[in-house]
Structures are given as C-alpha cells and as structure tokens.
Amino acid sequence: MFDEQWTELCQVSSEIEGEVIRSFLLAQDIQVILKTGLPPGVYPGLTPIKVFVPQKDLEAARRALGEIERG
C-alpha cells in the first residue's frame, strides 16, 4: 500500500466530509489517505483536510467523487 504513488484528489474543510468521501471510495475499492497539518478536532474548519488516492486510481476516484457531487 505504501510503495504506491499517492496523489491528492481534493481538499475538504471538515472531518465529516473527509470521512464520507473516504467511506464512499473504499466501497469502490479505492484506497484513501486523509492528511491534515493541524488536528481537525482541535481546529475544526481552520485547516484543510487533503484526500489522497493511489495514482493508478485517480481517474476512477474522480468519477466516483463526481457521483457524490451529482447526488
């Protein structure tokens, strides 16, 4: 898992939004890593949460993310 190239898919502003995206992508068999510079529980909404996926899954993740946005 960690010897793959990871690419930033998007940034979100809340842990909840990040977890929704992560859960949805994991259900699509796309691995996800969420990263933040500051603890989001201490500074909610003040630091972006970056969503990373393996480079090989980037296009599939973008399509899946589009499905979420369309509802």
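## Helix 1 and its two sides

In helix 1 of this predicted model, the residues G18, I21 and L25 are buried. Viewed down the axis of helix 1, the buried residues fall within an arc of 65 degrees, so they line one face of the helix. An α-helix has 3.6 residues a turn, so residues three or four places apart point the same way. On the other side of helix 1, by contrast, I16 and A27 are exposed.

Helix 1 takes in residues 15–27, a run of 13 residues, and the distance from its first C-alpha to its last is 18 Å, close to the 18 Å expected at 1.5 Å a residue. The buried residues of this helix pack against strand 1 (6–12), strand 2 (33–36), strand 3 (49–54) and helix 2 (58–70).

## The loop after helix 1

Helix 1 is followed by D29, a residue that lies in the loop between helix 1 and strand 2. The phi of D29 is positive, at about 65 degrees, although this residue is not a glycine. With a relative accessibility of 67%, D29 counts as exposed, in a class that requires a value over 50%.

## The sheet

Three strands form an open sheet in the order 1-3-2, and the pairing is antiparallel. Strand 1 and strand 2 stand at the edges, each with a single partner strand, so one side of each is left without a neighbour in the sheet. From one strand to the next, the twist averages 30 degrees.

The pairing of strand 2 with strand 3 is in the antiparallel sense and extends over four bridges. Within this part of the sheet, I33 stands opposite F52 in strand 3.

## How the helices lie on the sheet

Helix 1 lies across strand 1, strand 2 and strand 3, and runs at about 135 degrees to strand 1. Helix 2 also packs on the sheet, where it touches strand 1 and strand 3, and its direction makes about 20 degrees with that of strand 1.

## L58 in helix 2

L58 has its place in helix 2, and with a relative accessible area of 7% this residue is buried, since buried means under 20%. When its neighbours within four places in sequence are left aside, L58 is in contact with T7, E8, L9 and V53. Three of the residues named there, T7, E8 and L9, fall within the range of strand 1 (6–12), while V53 falls within that of strand 3 (49–54).

A further relation links L58 to I30: the two are 28 residues apart in sequence, yet their C-alpha atoms are 9.0 Å apart in space.

## The protein as a whole

The protein has two helices and three strands, which, read along the sequence, follow the pattern β-α-β-β-α. Of its 71 residues, 34% count as buried, and G18, I21 and L25 of helix 1 are among the buried residues, as is L58.

Among contacts between residues at least 6 apart in sequence, 62% join residues that are at least 24 apart. The accessible surface of the protein comes to about 4700 Å², and 52% of that surface belongs to carbon and sulfur atoms.

Notes:
Residues are numbered from 1 along each chain as its sequence is written. This is a predicted model: local features need pLDDT of at least 70, side-chain atom pairs count only at pLDDT 80 or more; totals for chains, interfaces and linings use all residues. Side-chain values use heavy atoms; hydrogens and water are left out. The expected span of a helix is 1.5 Å times one less than its number of residues. Buried means under 20% relative accessible area, exposed over 50%, partly exposed in between (1.4 Å probe, protein chains only). The arc is that of the directions from the helix axis to the C-beta atoms. Contact means heavy atoms within 4.5 Å. Two strands pair if DSSP finds at least two bridges between them. Axes are lines fitted to C-alpha atoms, for helices over the stretch in contact, and angles run from 0 to 180 degrees between N-to-C directions. Accessible areas come from the Shrake-Rupley method with a 1.4 Å probe; for residues, only the protein chains shown count as cover.
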